[in-house]
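Hi,

Here is the structure I said I would pass on. Have a look at it first, and then read my notes underneath.

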Amino acid sequence: MNNSVKLPQKLMLLGSGELGKEFVIAAKRLGNYVIAVDRYANAPAMQVADYSEVISMLSADDLEAVVSKYQPDFIIPEIEAIRTEKLLEFEQRGMTVIPTAAATNYTMNRDRIRELAHKELGIRTAKYGYAITLEELIAVSDEVGFPNVVKPVMSSSGKGQSVVKEKSEVEKAWNYAIANSRGDSQKVIVEEFINFEIEITLLTIKQWNAPTIFCTPIGHRQERGDYQESWQPAEMAEKMIVEAQEISKKVTDALGGAGIFGVEFFITKDEVIFSELSPRPHDTGMVTLISQNLNEFELHLRAILGLPIPHIEQLGFSASAVILATEKSDSIAYTGVAEALSEKDVDIRLFGKPNAHPYRRMGVALAKGSDIQQARQKATRAASKIKLEYQP
């Protein structure tokens, strides 16, 4: 890639959720042609793309058909549940997969990225083990110790994750993890429960022909393994920020390619502990829609196209808070949007998902404040004002 790239480029997005939608908006601003692909019709990114296709992304034949039809310049996965062997094949045929087919393959399963970080790169991670049966899970849980965290090795947005305080809760955690596992996997990971002070995402931008650069760390809070709110900047000692950057660079160098990576860490009183990584924009990074001069989607696009990123400016204390559905419905309307937007420095994104189910993320509130506490309060307050009306 180089800075004389011709536009438009033809970009194929595999997975078309809310993160994909913002990426398409960034791509369209530079006049690119985008094909949004997902397993259901009218997914958020499809609403703003040039063309959309509904396929099973776990089907090699479906992937072959859609790639042959459009011949994209870049294949850009936005989710984990993809037949990654097919991506390796596309790459061997000379197509560009972002960040690389190997990176997508590694990060599709939590076990692969953990092994890479811990065993090959010698990076500190939580103690962990794997199980493919309930009996194995009971044994491994004993080994790792209680409390621990159980999650499927393959899922999206932290689904299927639970904290297990004692042995009697292991079976419930197994059932929940398996029910929420994506793709073909029936494997779970058990990891040591880290008593952290803060969980952060370090957005790391790997470029084709320029140094790796970083956004200011983003703090986040999770429930049910899913992000509920995020804020930037996260309060951290400078030496810990540098350590997190060094670890991120080490892992992303090993994965290769170009694009943005969401690298997650547990920060304890005196340790920086690698947690996991997504080779694409990160849900907690939605705060950058208000907190930076270039949001994570624009940064991802520039890195992919080999366009320069001369400066990332953090614009002050900022936060995001999710808007969740509470019921199952195929017809949704929203109230309270005007009330939510009546406060200064508040913005809203409604994702336009065609249906709802309990805990599904339907939108996000964004806010800036005079400090992190005020920004978080404003974002949470704005999110709470928006109500979903479920039509019969």
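**Aromatic pairs**

Y51 is partly exposed, its relative accessible area being 40%. Its ring partner Y70 is buried, at 7%. The two rings make a tilted aromatic pair, with 5.7 Å from centre to centre and 50° between the planes. Y51 belongs to strand β3 (residues 51–54) and Y70 to helix α2 (residues 60–70), so this pair ties together parts that are 19 residues apart in sequence. Before you go further, keep in mind that this is a predicted model.

The count of aromatic pairs comes to four, and I'll describe one other here. F196 and F266 are stacked, at 5.3 Å centre to centre with 20° between the planes. This pair links distant parts of the chain, 70 residues apart: F196 is in the loop between β9 (188–192) and β10 (198–206), while F266 is in strand β14 (residues 259–267). F196 is partly exposed, with 30% relative accessible area, whereas F266 is buried at 8%.

**Charges over rings**

Two rings have a charged side chain over the face, in case you want to look at those contacts. K187 sits over the face of Y130, 4.7 Å from the ring centre. R376 does the like with W231, at 3.7 Å from the ring centre.

**The chain as a whole**

Stepping back, the protein chain has twelve helices and 20 strands. A compact globule of 392 residues would have a radius of gyration near 21 Å, and the 20 Å found for this chain agrees with that. The C-alpha trace spans about 55 × 50 × 50 Å along its principal axes. Of the 392 residues, 58% count as buried. As for contacts between residues at least 6 apart in sequence, 63% of them join residues at least 24 apart.

**The parallel sheet**

Strand β3, the one that holds Y51, is also part of an open sheet of five strands. The order there is β3-β2-β1-β4-β5, and the pairing is parallel. Which strands stand at the edges? They are β3 and β5 (96–97); each has a single partner strand, so one side of each is left without a neighbour in the sheet. The partner of β5 is β4 (residues 74–77), and these two pair in the parallel sense over two bridges. F74 has T96 in β5 as its bridge partner.

**Strand β19 and its neighbours**

Now for some antiparallel pairing. Strand β19 (residues 361–368) is mostly covered, with seven of its eight residues buried. Strand β16 (residues 318–324) runs antiparallel to β19 and is joined to it by seven bridges. L324 has R361 of β19 as its bridge partner. Strand β18 (residues 346–350) also pairs with β19 in the antiparallel sense, over five bridges. There, D347 stands opposite L366 of β19.

R361 turns up again in a side-chain contact. Its side chain and that of D283 are joined by a polar contact of 3.4 Å. Where does D283 lie? Its place is in the loop between β15 (272–278) and α9 (288–291). Is D283 buried or exposed? With a relative accessibility of 11%, under the 20% cut-off, D283 counts as buried. The side chain of D283 also makes a polar contact of 3.2 Å with the side chain of H282.

**F265 and helix α4**

F265 lies in strand β14, the strand that also holds F266. F265 is buried, with a relative accessible area of 1%. Leaving aside neighbours within four places in sequence, the residues in contact with F265 include I198, I200 and L202, along with I247, V272 and F274. A244 is in contact with F265 too. A244 and F265 are 21 residues apart in sequence, and 7.6 Å apart in space from C-alpha to C-alpha.

Last on my list is helix α4 (residues 101–108), which is mostly covered: seven of its eight residues are buried. Those buried residues are A101, A103, T104, N105, Y106, T107 and M108.

Cheers

Methods
Residues numbered from 1 in each chain as written. Predicted model: local features only at pLDDT ≥ 70, side-chain atom pairs only at ≥ 80, totals over all residues. Heavy atoms only, no water. Buried < 20%, exposed > 50% of the residue type's maximum accessible area, 1.4 Å probe, protein only. Helix = DSSP H or I, 4+ residues; strand = E, 2+ residues; numbered from the N terminus. Pairing = 2+ DSSP bridges. Phe/Tyr/Trp six-rings, centres within 6.5 Å; stacked < 30°, edge-to-face > 60°. Lys NZ or Arg CZ within 6 Å of the ring centre and 35° of its normal. Polar contact = N/O pair within 3.5 Å; in protein donor to acceptor, adjacent residues only side chain to side chain. Rg over C-alpha atoms; globule rule 2.2 N^0.38 Å. Contact = heavy atoms within 4.5 Å.
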